[in-house]
Amino acid sequence: MFDLNYWPLIGIPVVVIGFALRFNPLLVVTFAGLATGWAVNLDFISLLQTFGEKFMNSRQLASFILILPIIALLERYGLQQRARDWISQIKTATSARILALYFIVRECSAALGLLSLGGQAQTVRPLLAPMALGTATNKYGELPKPVKDMISAHAAAVDNIAVFFGEDIFIAFGAVLLMDAFLKENGITGIEPLHIGLWAIPTALCALVIHLFRLARLESKIAKAVQKYNAPEPIL
Amino acid sequence: MSKVVDADVSHSSTALVTIENIYLLIGIMVMFLVVRTLQDKNHPKRLTTALFWFLFGSSFLFGDFAIATLGAQTTYLMVGISVLLIALLAGLNLVSMGNYSIPSEQEQNQSAKNLGNKLFIPALMIPIVTVVFTVLFDNVAINNVYLLDQRHLTLASLTIACIFALLVGWKITGGSPVQAVSESRRLVDSIGWAAILPQMLAMLGGVFIVAQTGDSIKELVTLFIAPDNRFMLVVLYCVGMAFFTMIMGNAFAAFPVMTAGIAMPFLIEGHGASPAPLVALGMYSGYCGTLMTPMAANFNIIPAALLDLKDKYHVIKVQIPTAVTLLAVNIILMYSLVFND
């Protein structure tokens, strides 16, 4: 019953501790690999060969590098500015609607493989959060800090959730290709990345419904929060 | 260059756009960026950054050729040593951004105005052309030479799409493909070591497989759950993916271990589960974990800093209700979709 061999699991605590101590992830992952090899008495040379073999065999994960030149070229000629102008032309009345619209656009474009059309640094901070905050300010006047934080945090969350659950549908180079490589490595053939992508659609649709439902309720949450923080001291 | 051609010939499969050719293309591109980095005289970490990308690019440019001439084992050993060096360079913080000539915001605005929505065309071409080639040209062959690598249809189509988009982008903006590759150094450098992390995690997953980590997890699982209880196995796989992703900060790292430990032995081999939906939903369960962990710093902690939030866990707190609901949805979907009987 208790002859379970725990040594092959040593990589897991190594990763946890390494990340907790904020070492560089490449270093942490490599060290976890070395520790695991050492724990199961793999000789060093064959461990390095395993490193090399797996690294070589997963080179398709780097294929996203191929799209960077075209994106870089378009950015140089104003792609971001154009996207910004285009989005700002859409006049919607509320913060929640702006976030919902961004969510839809972001999830759909991610599903088409256009992952770099958004992002926390590229669009959320300079564009989405200010737009969402702007409309709320128009409506309620100067916002208390907790309300501002709530709207901004929702802007960040919208970008994460939309891109995560959109990207696997089609060309999420990383995830889909990793799954494909894993299946092939384990002798399961006859599955193309496109098949895996198709099975991501149900969850993606659920993510859309669930998060849009939450956003639909956000506007009244904002109103309540504004009221709460702006309320005068109760007279009793 | 002649060596490269040799490698190409020796590996020549019956396709025009083979995975080996794609690796060569990536290798050439990365080496071009290495040259550009070396030319960047004011680069704070010029030599080490160049070395980092050179080691990375080598496995693409010379890897298949080395296997053909030196043999697989020697090549793997050399790549393994490069991987250690790559990790050290990144770990010692010797890889950084350089200097880039970016046109002013005003120039970019002007150009955006002049070019208008035409700017979106090349970006949209990438997904569209990829789909078209994957669907319509998958079996196109002349004299038994296929156009696309039959084992890597999506990737071959993507490569063709990128080349098309680059040509169209050249026509629309007037900026040449060479300029485009030079410009991409800014993006590659800003992604930095993170570009290699997925491959490193795949490597760790590979070591876990050799070390039979999955078996240990499998044994752990049998301690707690009867292997004929389909529903509990599905729950364990989904929740396990989310949980491991939370501690490892990345669904990619959790995926090989949990899939080898639970999905492969119990669900695929044990209950004949269909692999494609199983892994797709498994990975998404991991993503639910990503939304709930500070370990996924890029997504959850850095934005809190960027947005000047008082509570650095605020983004995570906002994401938890959606993440937990989606995890439950994944469990239900997996239970109802993957079993064929």
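**Exercise 1. How are α2(A) and α10(B) oriented to each other: roughly parallel or roughly perpendicular?**

*Solution.* The model under study is predicted.

Step 1. Two packed helices are described by the angle between their axes and by the distance between those axes.

Step 2. Helix α2 of chain A spans residues 25-39, and helix α10 of chain B spans residues 197-210. Their packing angle is about 10°, and their axes lie 9 Å apart.

Step 3. Angles under 35 degrees count as roughly parallel. Therefore α2(A) and α10(B) are roughly parallel to each other.

Step 4. On the side of α2(A), the contact includes A:Pro25, A:Leu26 and A:Val29; on the side of α10(B), B:Leu197, B:Met200 and B:Phe208 are among the residues involved. Sorted by class, this contact holds 11 nonpolar and four polar residues, and no charged ones.

**Exercise 2. State how much area is buried between chain A and chain B, and describe the residues that take part.**

*Solution.*

Step 1. The size of an interface is often given as the accessible area lost when the parts come together. Here the buried area is about 11,500 Å², with 78% of it given by carbon and sulfur atoms.

Step 2. Chain A contributes 115 residues to the contact and chain B contributes 140. In chain A, the residues that lose the most area to chain B are A:Leu26, A:Phe55 and A:Arg59, together 7% of what that side buries.

**Exercise 3. Determine how many salt bridges cross the interface of chain A and chain B, and examine the pair B:Asp64 and A:Arg59.**

*Solution.*

Step 1. Side chains of opposite charge can pair when their charged atoms come close. The rule finds four salt bridges across this interface, while the count over all chains comes to 13.

Step 2. In the salt bridge of B:Asp64 with A:Arg59, the N to O distance is 3.1 Å. B:Asp64 belongs to helix α4 (residues 63-70) of chain B, and A:Arg59 to the loop between α3 and α4 of chain A, so this pair joins two chains.

Step 3. A:Lys145 and B:Asp308 also form a salt bridge, with their closest N and O atoms 3.9 Å apart.

Notes: Residues are numbered from 1 along each chain as its sequence is written. Chains are lettered from A and ligands numbered from 1 in the order in which they are written. This is a predicted model: local features need pLDDT of at least 70, side-chain atom pairs count only at pLDDT 80 or more; totals for chains, interfaces and linings use all residues. Side-chain values use heavy atoms; hydrogens and water are left out. Axes are lines fitted to C-alpha atoms, for helices over the stretch in contact, and angles run from 0 to 180 degrees between N-to-C directions. Helices (H or I, at least four residues) and strands (E, at least two) are DSSP runs, numbered from the N terminus. Angles under 35 degrees count as roughly parallel, over 145 as roughly antiparallel, 65 to 115 as roughly perpendicular and the rest as oblique. Contact means heavy atoms within 4.5 Å. Ala, Val, Leu, Ile, Met, Phe, Trp, Tyr, Cys and Pro count as nonpolar, Asp, Glu, Lys and Arg as charged, and the others, Gly among them, as polar. Buried area is the accessible area (1.4 Å probe) that two parts lose on being put together, summed over both. A salt bridge is a side-chain nitrogen of Lys or Arg within 4 Å of a carboxyl oxygen of Asp or Glu.
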